[in-house]
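Colleague: Could you take me through this model by question and answer, giving the reasoning before each value or name?

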Amino acid sequence: MKRTANNELIEIGMRIKEIRTRRNLTLAETSKRAGLSAGLLSKIENFRTLPSLPVLTSIARALETDMADIVRGIGHETKETSYILTKAGERERINRDNAVGFSYESLGSRYESDNIIEAFTLTITPESKRQAVTTDGEQFLFLLKGEIDFEYGRETIHIGEGDALFFDGRIPHRPFCRKGKEAVLLALYILNNKTDQ
């Protein structure tokens, strides 16, 4: 998928992680240098929150890089349209959360007034492993194939093929495959653009 203005949040998160790993810095070291929590930095790297300009500035200082290195090309070479078309063969595979057996493909992202909406397909294998995560916004899941158990706070919710779940992403959550078969989901993230960071 070609980079457009609609997936800039993903690109910023990936670029921060790339610079950090290239400098052989851990998440904990970088967050301490930046004066941020490791959890917040992880959310930014995995595009689960919208970083404010002061937060991005602190991260750039911690990485001993210019802000320009983090945001280079953002907002350029794009043409705003009223639609986003992501062709089947152009989906970008995204790694996030240091998860095993979780394969995300970006379907696109869009700014809408005070929100950013991100869309992914998510394939989960039976061997999948991931810590519970939080996202600063609302989430929607639609199970396209398979069955999952969805750990949501202290609850476990069974989701079958064709079922949909809309939930508050700020509550720790993670899905697990059922019956040893792969599951495929449509995942939408609605992140609020107003930040208190």
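Modeller: One cut-off is needed from the start: a residue is called buried when its relative accessible area is under 20%, exposed when it is over 50%, and partly exposed in between. Please also keep in mind that what we are looking at is a predicted model.

Colleague: Is lysine 145 exposed, partly exposed or buried, and which residue does it pair with in a salt bridge?

Modeller: The relative accessible area of lysine 145 is 42%, which makes this residue partly exposed. Lysine 145 belongs to strand β4 (residues 137-145), while the other member of the pair is 37 residues away, in the loop between β8 and β9 (183-192). That other member is likewise partly exposed, at 34% relative accessibility, and with the closest N and O atoms 3.5 Å apart, the salt-bridge partner is glutamate 182.

Colleague: How many salt bridges does the structure hold, and what separates glutamate 18 from arginine 22 in terms of helical turns?

Modeller: The structure holds ten salt bridges, and one of them joins the side chains of glutamate 18 and arginine 22, with an N to O distance of 3.2 Å. Glutamate 18 is partly exposed at 46% relative accessible area, whereas arginine 22, at 52%, counts as exposed. Because the two residues are four apart in helix α1, the separation between them is about one helical turn.

Colleague: How far apart in sequence are the parts tied together by glutamate 64 and arginine 33?

Modeller: The side chains of glutamate 64 and arginine 33 meet in a salt bridge at 4.0 Å, N to O. Glutamate 64 is in the loop between α4 and α5 and arginine 33 is in helix α2, so the parts that this pair ties together are separated in sequence by 31 residues.

Colleague: What is the phi of glutamate 64, and what is that of asparagine 24?

Modeller: Most residues other than glycine have a negative phi. Glutamate 64, in the loop between α4 (53-62) and α5 (67-71), has a positive phi near 55°, and this residue is exposed at 62%. Asparagine 24 lies in the loop between α1 (8-22) and α2 (27-34) and is exposed, with a relative accessible area of 67%; although not a glycine, asparagine 24 has a positive phi of about 55°.

Colleague: How is α2 oriented with respect to α3?

Modeller: Helices α2 and α3 (residues 38-45) pack with their axes 8 Å apart, at an angle of about 110°. Since angles of 65 to 115 degrees fall in one class, the orientation of α2 to α3 is roughly perpendicular.

Colleague: Which residues of α2 make that contact with α3?

Modeller: By class, the contact includes three nonpolar, three polar and one charged residues. On the α3 side they are Ala38, Leu41, Ser42 and Glu45, and on the α2 side Leu27, Thr30 and Ser31.

Colleague: Which strands stand at the edges of the open sheet β6-β5-β8?

Modeller: The pairing in this sheet of three strands is antiparallel, and β5 (residues 148-152) meets β8 over five bridges. Two strands have a single partner each, so one side of each is left without a neighbour in the sheet; these edge strands are β6 (155-159) and β8.

Colleague: Which residue of β8 is the bridge partner of phenylalanine 150?

Modeller: Strand β8 (residues 173-177) has an uncovered face with Arg174 and Phe176, and a covered one with His173, Pro175 and Cys177. From the covered face, cysteine 177 is the bridge partner of isoleucine 148, and the bridge partner of phenylalanine 150 is proline 175.

How values were computed
Residues numbered from 1 in each chain as written. Predicted model: local features only at pLDDT ≥ 70, side-chain atom pairs only at ≥ 80, totals over all residues. Heavy atoms only, no water. Buried < 20%, exposed > 50% of the residue type's maximum accessible area, 1.4 Å probe, protein only. Pairing = 2+ DSSP bridges. Axes fitted to C-alpha atoms, helices over the stretch in contact; angles between N-to-C directions. Parallel < 35°, antiparallel > 145°, perpendicular 65-115°, else oblique. Contact = heavy atoms within 4.5 Å. Nonpolar A, V, L, I, M, F, W, Y, C, P; charged D, E, K, R; others polar.
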